[in-house]
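User: Could you take a close look at one part of this model for me, and then show how it connects with what surrounds it? I work with atoms and cut-offs every day, so please spell out the criteria as you go.

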Amino acid sequence: MTDISSRPDLESLNLISTSLVDVATDGHIRLLGGRCRACEDLSFPRAAVCTNCLSEDIETVDLPDQGTLYSYSIVHQAPKGWNVPYVLGYVDLPNTVRVFAHIDVPHAELTVDMRVKLSIGVVGTDPAGAPRSTYTFVAA
Ligand SMILES: [Zn+2]
(Lines give C-alpha, C1' and ligand atoms only; values in the text may rest on other atoms or scores of the structure.)
Protein backbone atom coordinates (compact mmCIF):
# COMPACT_ATOMS: atom_id res chain seq x y z
CA MET A 1 0.00 0.00 0.00
CA THR A 2 1.01 3.59 -0.55
CA ASP A 3 1.29 6.48 1.88
CA ILE A 4 -1.05 9.34 1.04
CA SER A 5 1.37 12.06 2.12
CA SER A 6 3.20 12.01 -1.20
CA ARG A 7 0.01 12.05 -3.31
CA PRO A 8 -2.69 14.33 -1.91
CA ASP A 9 -4.38 14.76 -5.33
CA LEU A 10 -7.79 13.13 -4.92
CA GLU A 11 -8.20 12.30 -8.61
CA SER A 12 -4.87 10.50 -8.76
CA LEU A 13 -5.85 8.29 -5.82
CA ASN A 14 -8.55 6.53 -7.91
CA LEU A 15 -10.56 5.89 -4.74
CA ILE A 16 -12.91 2.90 -4.70
CA SER A 17 -15.57 4.98 -2.92
CA THR A 18 -15.56 8.76 -2.58
CA SER A 19 -18.63 8.69 -0.32
CA LEU A 20 -16.75 7.04 2.54
CA VAL A 21 -13.60 9.12 2.67
CA ASP A 22 -12.35 12.52 1.57
CA VAL A 23 -8.81 13.78 1.19
CA ALA A 24 -8.06 17.49 1.41
CA THR A 25 -5.47 19.12 -0.81
CA ASP A 26 -3.11 19.24 2.18
CA GLY A 27 -3.37 15.44 2.47
CA HIS A 28 -5.66 15.43 5.53
CA ILE A 29 -7.89 12.34 5.39
CA ARG A 30 -11.49 12.44 6.62
CA LEU A 31 -13.54 9.30 7.23
CA LEU A 32 -17.16 10.26 6.49
CA GLY A 33 -19.82 8.84 8.77
CA GLY A 34 -23.37 9.74 9.66
CA ARG A 35 -24.93 11.25 12.78
CA CYS A 36 -28.65 11.16 13.46
CA ARG A 37 -29.90 14.67 14.20
CA ALA A 38 -32.69 13.22 16.37
CA CYS A 39 -30.73 10.94 18.72
CA GLU A 40 -27.02 11.59 17.91
CA ASP A 41 -26.43 7.92 16.95
CA LEU A 42 -23.38 7.50 14.70
CA SER A 43 -22.98 5.22 11.69
CA PHE A 44 -20.37 4.12 9.18
CA PRO A 45 -21.02 3.99 6.36
CA ARG A 46 -23.50 6.85 6.79
CA ALA A 47 -26.90 5.23 7.32
CA ALA A 48 -29.92 6.38 5.31
CA VAL A 49 -32.16 5.55 8.29
CA CYS A 50 -31.06 5.66 11.93
CA THR A 51 -30.90 2.11 13.33
CA ASN A 52 -31.60 3.51 16.81
CA CYS A 53 -34.69 5.73 16.27
CA LEU A 54 -35.59 5.23 12.56
CA SER A 55 -35.15 8.93 11.78
CA GLU A 56 -34.09 9.71 8.20
CA ASP A 57 -32.47 13.00 9.31
CA ILE A 58 -28.84 11.90 9.11
CA GLU A 59 -26.01 14.38 8.64
CA THR A 60 -22.54 13.58 7.31
CA VAL A 61 -19.83 13.98 9.95
CA ASP A 62 -16.10 13.40 10.20
CA LEU A 63 -15.29 10.35 12.30
CA PRO A 64 -12.20 10.10 14.51
CA ASP A 65 -9.06 9.15 12.57
CA GLN A 66 -7.60 6.83 15.22
CA GLY A 67 -8.90 3.74 16.93
CA THR A 68 -8.22 0.24 18.19
CA LEU A 69 -8.02 -2.92 16.07
CA TYR A 70 -10.90 -5.10 17.30
CA SER A 71 -10.18 -8.12 15.08
CA TYR A 72 -8.65 -8.97 11.71
CA SER A 73 -8.18 -11.66 9.10
CA ILE A 74 -5.52 -12.17 6.44
CA VAL A 75 -7.08 -12.74 3.01
CA HIS A 76 -5.18 -14.90 0.52
CA GLN A 77 -7.90 -15.45 -2.10
CA ALA A 78 -9.58 -12.50 -3.77
CA PRO A 79 -11.33 -11.53 -6.98
CA LYS A 80 -9.27 -10.29 -9.91
CA GLY A 81 -7.85 -6.83 -9.31
CA TRP A 82 -7.09 -7.11 -5.59
CA ASN A 83 -3.53 -7.29 -4.27
CA VAL A 84 -3.16 -10.41 -2.11
CA PRO A 85 -2.55 -11.21 0.62
CA TYR A 86 -4.29 -8.33 2.36
CA VAL A 87 -5.66 -7.76 5.84
CA LEU A 88 -9.27 -6.89 6.62
CA GLY A 89 -10.29 -5.90 10.09
CA TYR A 90 -12.67 -4.06 12.34
CA VAL A 91 -11.45 -0.86 13.99
CA ASP A 92 -13.26 0.50 17.03
CA LEU A 93 -13.31 4.28 16.98
CA PRO A 94 -13.54 6.14 20.31
CA ASN A 95 -17.17 7.13 19.63
CA THR A 96 -18.46 3.53 19.49
CA VAL A 97 -18.47 3.21 15.69
CA ARG A 98 -16.86 -0.01 14.43
CA VAL A 99 -15.33 0.38 10.96
CA PHE A 100 -14.62 -2.47 8.52
CA ALA A 101 -11.42 -1.65 6.67
CA HIS A 102 -8.20 -2.74 5.05
CA ILE A 103 -5.44 -2.86 7.66
CA ASP A 104 -2.00 -1.89 6.34
CA VAL A 105 0.22 -3.38 9.02
CA PRO A 106 2.95 -6.02 8.47
CA HIS A 107 1.41 -9.38 9.36
CA ALA A 108 3.99 -10.14 12.07
CA GLU A 109 3.09 -6.88 13.83
CA LEU A 110 -0.70 -7.40 13.84
CA THR A 111 -2.23 -7.66 17.31
CA VAL A 112 -5.77 -7.33 18.55
CA ASP A 113 -6.21 -4.05 20.46
CA MET A 114 -3.28 -2.34 18.70
CA ARG A 115 -3.68 1.39 18.08
CA VAL A 116 -4.26 2.29 14.43
CA LYS A 117 -4.81 5.48 12.47
CA LEU A 118 -6.56 6.36 9.24
CA SER A 119 -4.65 6.36 5.97
CA ILE A 120 -5.15 5.76 2.26
CA GLY A 121 -3.57 2.80 0.53
CA VAL A 122 -3.45 1.14 -2.87
CA VAL A 123 -5.31 -2.17 -2.60
CA GLY A 124 -5.50 -3.31 -6.20
CA THR A 125 -5.98 -2.22 -9.78
CA ASP A 126 -9.01 -1.20 -11.83
CA PRO A 127 -9.93 -3.01 -15.09
CA ALA A 128 -7.54 -0.72 -17.00
CA GLY A 129 -4.66 -1.66 -14.68
CA ALA A 130 -4.53 1.66 -12.81
CA PRO A 131 -3.93 1.51 -9.03
CA ARG A 132 -7.11 1.66 -6.90
CA SER A 133 -7.07 3.15 -3.40
CA THR A 134 -9.29 3.11 -0.40
CA TYR A 135 -9.23 4.11 3.26
CA THR A 136 -7.00 1.89 5.37
CA PHE A 137 -5.70 1.85 8.91
CA VAL A 138 -1.99 1.76 9.70
CA ALA A 139 -0.12 1.40 13.02
CA ALA A 140 -0.51 4.57 15.10
ZN1 LIG B 1 -31.57 8.32 15.65
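Analyst: Asp113 sits in the loop between strand 7 and strand 8 (helices, H or I with at least four residues, and strands, E with at least two, are DSSP runs numbered from the N terminus). Its phi is near 80 degrees, a positive value in a residue other than glycine. Most residues other than glycine have a negative phi. Asp113 counts as exposed because it has 9 C-beta neighbours inside 10 Å (exposed means 12 or fewer other C-beta atoms within 10 Å, buried 20 or more, partly exposed in between, with C-beta atoms placed from the backbone).

Before going on, please keep in mind that this is a predicted model, where local features need pLDDT of at least 70, side-chain atom pairs count only at pLDDT 80 or more, and totals for chains, interfaces and linings use all residues. Residues are numbered from 1 along each chain as its sequence is written. The average pLDDT of the chain (the predictor's confidence in each residue, from 0 to 100) is 90, and 93% of the residues score at least 70. Residues 1-7 stay under 50, and the model gives them 17 contacts beyond four places in sequence (a contact puts two C-beta atoms, placed from the backbone, within 7 Å). Among the elements, strand 5 has the highest mean pLDDT, 98, and helix 1 (residues 10-13) the lowest, 72.

Now follow the two strands that flank Asp113. Strand 7 and strand 8 both belong to a barrel, which 5 strands close in the order 5-6-7-9-8 with mixed pairing (strands pair if DSSP finds at least two bridges between them). Direction ignored, neighbouring strands of this sheet are turned by 35 degrees against each other on average (axes are lines fitted to C-alpha atoms, for helices over the stretch in contact, and angles between N-to-C directions run from 0 to 180 degrees).

Let's walk around the barrel. Strand 5 pairs with strand 6 (residues 86-92) in the antiparallel sense over 7 bridges, and Thr68 stands opposite Asp92 there. Asp92 also has a partner in strand 7, namely Arg98. Strand 6 and strand 7 are antiparallel too, with 5 bridges; one of the bridge partnerships joins Leu88 to His102. In the hairpin of these two strands, 5 residues lie between them, and Thr96 takes a positive phi near 80 degrees. His102 leads on to Thr136, its bridge partner in strand 9, as strand 7 and strand 9 pair in the parallel sense over 2 bridges. Back at strand 5, 3 bridges tie it to the antiparallel strand 8, with Val116 of strand 8 the bridge partner of Gly67.

These strands also feed the interior. The largest nonpolar core (buried Ala, Val, Leu, Ile, Met, Phe, Trp, Tyr and Cys joined through C-beta atoms within 7 Å) has 18 residues, and those with the most contacts inside it are Val91, Ala101, Ile103, Tyr135 and Phe137. At least two core residues each come from strand 1 (21-23), strand 5 (66-75), strand 7 (98-103), strand 8 (115-125) and strand 9 (131-139). Leaving out residues up to four places away in sequence, Tyr135 touches Leu20, Val21, Leu31, Ala101, Leu118 and Ile120.

At the other end of strand 8, Asp126 lies in the loop to strand 9. Asp126 is exposed, with 11 other C-beta atoms within 10 Å. Beyond its neighbours within four places, its contacts are Asn14, Gly81 and Arg132.

Two other loops deserve a look. Glu40, between strand 2 (29-36) and strand 3, has a positive phi as well, near 75 degrees, and is exposed with 11 C-beta neighbours inside 10 Å. In the loop between strand 5 and strand 6 is Pro85, joined to Val84 by a cis peptide bond with omega about -10 degrees.

Zooming out, the chain has 1 helix and 9 strands. Its radius of gyration, taken over C-alpha atoms, is 15 Å, close to the 14 Å of the globule rule for 140 residues, so the chain is as compact as a globular protein of that length (the rule is 2.2 Å times the number of residues to the power 0.38).
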